[in-house]
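Biologist: Please take a close look at the nonpolar packing in this model. Start there, then work outwards to whatever else deserves attention.

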Amino acid sequence: MSFFITARYAGQSDRNAFLDVVIEQLAELLGQPMPGLLTEATQRGWFGRLLKEATRLCKQRGERLVLVVDGLDEDRGVTVGPGAHSIAALLPAAPSEGLRIVVAGRPNPPVPSDVPARHPLRNPTIMRLLSSSPSAQIIRDDAERELDHLLYGSQTERDLLGVLVTAGGGLSSGDLAELTGLAASEVDRQLRAVSGRTFSSRDSRWRPQEGAEIFVLAHEELQATAIAAFGETALAVYLDTIHVWADRYRDQGWPSGTPEFLLRGYHQLLLTTGNIARMVAYAIDRARLDRMLDVSGGDASALSEILTCQGVVCKQEMPDLQAMLLLARTREFLADRNANIPIQLPAVWVKLGNPMRAEALARSISNAKSQAKALTTLARALADAGQHDHAAQVAQQAEAQATLIKEPKSQAQVLSDLIVPFSKVGWLVHADQLAERAEIIARSITGSFSQIQALGGLVNALARAGQFDRAKALAYTMADSDPPSRVLHDLIGVLAGAGEFDRAEAVADSIANEPSQAQALRTIAHSLARAGKFDSAETLARSIADFGSQSGALRDIASALARNGQLERAETLADAINDHTHQFQALRILANALGAAGYPDRVIDVARRAANIARFISEPDRARGLRDISGILGDAGHFDAAEACARAIERSELQAQALHGLVRILASAREFDRAEVLAQSIIDPIRQACALCSVAVSLAEAGQFVRASQVAQNVEMHATSIIDQDSRDKALRDLVDAYASTHQFDRAEALAKSINDPDHRAASLRRLGSSLKKLGDLDYATHVLHELQKIPESIASVVSRAERLTTQAGALARASKLNEAREVALLAEKVARSITNPAQQLQGLHHLVGALAESGQVDQAHKLACSIDNADLQAQALTSLAITLSQTGQIDQIEKVARQAEQVAGSVSDANVKASLLRDLASVLAQAGQTVRAEALIQSISNPHIQAEAITAIVAQMDTQKRRQLLTRALTKLRSDTLLIGIARVEPSIVAQLAEDMELSIIPQEE
């Protein structure tokens, strides 16, 4: 294997070129496919691995692998200073057995600074000096004479040489013809005849079999001589010629046949000449990247350009953050094209009061489309919760993620959905711009159904944002085909829900599909009824031609009338319903309303009609419906009808529920005999026991203590024989209440103590004590409560109590009630230390630390945190303390606590927990003005998402130069979307420009 470093050839003179070429040779030797998209770091790993495998393979064959590297002195990468990354440093210091490495080069420049001290290249004893070759000297003399001929010959010859020298080699005869204006035949004649010793040819790097030959100067010294002879002014003219040539191909969109030099060597020329702006612009050109992929078969070279550009920008004293952001996004584009959290879950966390966890969860979703949807839903939830600033930030993140979505339909959907949160937070102009972008993208979709779906989503979003007229206008543009009826129906639902009934009905009338129109009209009728507009609702419902939709609409209106107290009209309307299911539902609701209004005689008539209709309804709706009817009849005093209805239920569990409910009703009505018989008829033992306990309690309340006791004893006999422990405990719990109601307190106490579950046992004793207090038996009540204290609370209940007290202490501290806060915090600590489970005790103490600090007990909080005998929780507690100190302005104590937290965090085993702690500490330190320490902490965070959060948290505390340097370095290894909020906070114009660039890139330009 070999690699010839050629300084005069831009594509053959640095470590990226070396790795690119040698990895390909190694893969071919091993018979393996080339690895996919590789960064420089992964290239180094693959190089070492493949080199060892190839050495092993050659050894098995009885061969020796030799790697030849010529021209080590011509390495044009960074070979000096702390950022050195030379080809020489890639060569293994201790080659595997069977591997030999032969290196050639001049003694000056010296060995690159990144080569280790004990590397063989630094051992002078292995070096072999080569004597000058007389033959080579003759060739050199001839080449210099030919070079002089070109330098001082005709303008044509001079231009040919000037362009090739300026480009750094790598141009084909066709390229030179375009650049000089010469005929291709003339260029060939010059290159192969008079100048045969001055120029040498090589195969195309990417297409060696079919690509055009490329030319370079035959020797490095000829290149140096030519550069000196031309001078800076002349070379600048040739450089401009090359730039114009490159721009011409760029303006054409990098068509097929684009010169390989412009896709490979041009970048190195720009690097050599220091033209950073042009380097970046060409490196991020997506059309050029696509052409490079087409020509080279991979993205390795494109990625190498990106990494080189990033390295240059990072070295700037005041880094170009905008350029770095564009480079990072392009790097991600290259990675993504080579390459299960529910979307609604983050929004749930907002409702649970934890928006930070919600955002972290949404951002942890790796798929761009899913993350964008999750962030959009999160933004809407935040806006609904009144957290407008946070909602706007998250919506911007979602918008940034949306630009990464390649599929137009999904991108249009996300942009459409973002209209709602942006409108709610008052960003109306931006919402309008999003609508325009979403519509343009949707209309660019070629598949008609997908286009309709995308536009339909936009219609719905506009309506939800209150832009009814614009939504309707857009929907009408889609009304030429049948599928848009779904779009119009969704619009109608939003309009009707917002009280825009006339608009909704007008849209419904425009739907051509009759079933879809009927459903839309039902939706409007339902909304009218809910708004109390019954006449309009009924008129509209009766106008619906579709049988099912009309029945459903009348059911909705009848139910609304019944709930509103208009019982006569509700019944009339219910009788007019022809569909059994809808009529039953309407009558059930009417019967319940009649009972609540005090019309028991009418209840039985309506309920019986409903029960008769239920025979025509399918299971399980019939069973559930009869259960409800049984309860309604029982409440109205129609016990026979209620029992008959319950026993008509075929599903055993639902029948038991209905009979149990009726037993309670009968017992409350003092129908004790019937209640007891009915309870004993229940097959399910738990339901039966609970029902009989209800009878016993009602008997006792009626003063029939002897009979109540007899029923209770009967229940006890059955309850204590229940095998399932949980079921037995539940039955005994109800039985304790039954015995207490009969004043058999000793028996009640004994049963309560026999309950296995401590929570159920404590609840039973607590209720028993309350009953005794009400009766005035304070001594016995005190005795029972003393027994209650002997029961160890379940871990869950004690933890819950400790957490409640901790929350209460924090709230009191925030309300400036510090004395009360201290008392509650001390009580919380006492409860937390009583937790028997060690892990949960430590968790409770951890939560308490912040509350103590808030109440002003910093020393106590610090002492408590240090007493936690668990590295993870102690680190969390100390970090919480540092955060509280920062929030309460106690800056002078932060450094000590933060340093201690940092030390403890070093021993935390969970990488993500450790990363989160370091993030929070970095934020606290930055707020305290210690940005250097904060930045050092960030560098040790392993989780990329959490590291980005940490950077976002501290950049606002840094000066412009420092934060640009930090963000620029971060963009070399973190995804840009994770840093956009941080960039937007300190330099919003950069993010705004990015959004504008992205918008222009997806909106077709008018001709």
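Modeller: The largest nonpolar core holds 152 residues. Four of them touch the most other members: I524, I557, L633 and L735. Helix α34, residues 685-701, gives the most to this core, with 10 residues. Take L633 as a way in. Beyond its neighbours within four places in sequence, L633 is in contact with V603, I604 and A607 on the earlier side of the chain. On the later side, L633 contacts H638, A641, A642 and C645. There is also a second core, separate from the one above. This second core has 103 residues, among them V312, A882, V897 and A922.

Keep in mind that this is a predicted model. Mean pLDDT over the protein chain is 78. Of the residues, 80% reach 70 or more. The elements vary. Helix α10, residues 276-283, has the highest mean pLDDT, 94. Helix α40, residues 795-814, has the lowest, 58. Two stretches call for caution. Residues 79-83 stay under 50, and the model gives them 7 contacts beyond four places in sequence. Residues 1002-1007 are below 50 as well, with 8 contacts beyond near neighbours in sequence.

Next, a buried polar residue. S416 lies in helix α18, residues 408-424. Is S416 buried or exposed? It counts as buried, because its relative accessibility is 1% and the cut-off for buried is under 20%. What does the S416 side chain reach? One of its polar atoms lies 2.8 Å from the backbone oxygen of A412. Further along the chain, S416 is in contact with A438, G457, L458 and A461. Of these, G457 is 41 residues away in sequence, yet the two C-alpha atoms are 6.6 Å apart.

Helix α49, residues 960-970, offers another view of burial. Its buried residues are R963, R964, L966, L967, T968 and A970. That list includes two arginines, R963 and R964, and a threonine, T968. Residues three or four places apart in an α-helix point the same way, because there are 3.6 residues a turn. R963 and L967 are both on the buried list. At the start of α49, D959 comes in from the side chain: one of its oxygens is within 3.2 Å of the backbone nitrogen of Q961.

Now the sheet. It is open, with 3 strands in the order β1-β2-β3, and the pairing is parallel. β1 and β3 stand at the edges with a single partner strand each, so one side of each has no neighbour in the sheet. From one strand to the next, the twist averages 10 degrees.

Look at the pairing strand by strand. β1, residues 2-4, pairs with β2 over 3 bridges, in the parallel sense. S2 has V68 as its bridge partner in β2. For F3, the partner in β2 is V69. On the other side, 6 bridges join β2 to β3, residues 99-104, again parallel. Here V69 stands opposite V103.

β2 itself covers residues 65-70, and its side chains alternate. L65, L67 and V69 point to one face and are buried. V66, V68 and D70 point to the other face and are not buried. So which face does each bridge residue take? Among the β2 partners, V69 is on the buried face, while V68 is on the face that is not buried. Helix α1, residues 15-30, lies across β1 and β2. Its direction is at about 160 degrees to β1.

Two loop residues finish the tour. Both have a positive phi without being glycine. For W254, phi is near 55 degrees. For R670, phi is about 65 degrees. Where do they sit? W254 is in the loop between α7 (220-251) and α8 (260-263). R670 is in the loop between α32 (652-668) and α33 (672-680). Their surroundings contrast. W254 is buried, because its relative accessible area is 1%, under the 20% limit. R670 is exposed, because its relative accessible area is 56%, over the 50% limit.

Methods: Residues numbered from 1 in each chain as written. Heavy atoms only, no water. Buried < 20%, exposed > 50% of the residue type's maximum accessible area, 1.4 Å probe, protein only. Helix = DSSP H or I, 4+ residues; strand = E, 2+ residues; numbered from the N terminus. Polar contact = N/O pair within 3.5 Å; in protein donor to acceptor, adjacent residues only side chain to side chain. pLDDT = per-residue confidence, 0-100. Contact = heavy atoms within 4.5 Å. Pairing = 2+ DSSP bridges. Axes fitted to C-alpha atoms, helices over the stretch in contact; angles between N-to-C directions. Core = buried A, V, L, I, M, F, W, Y, C linked by side-chain atoms within 4.5 Å.
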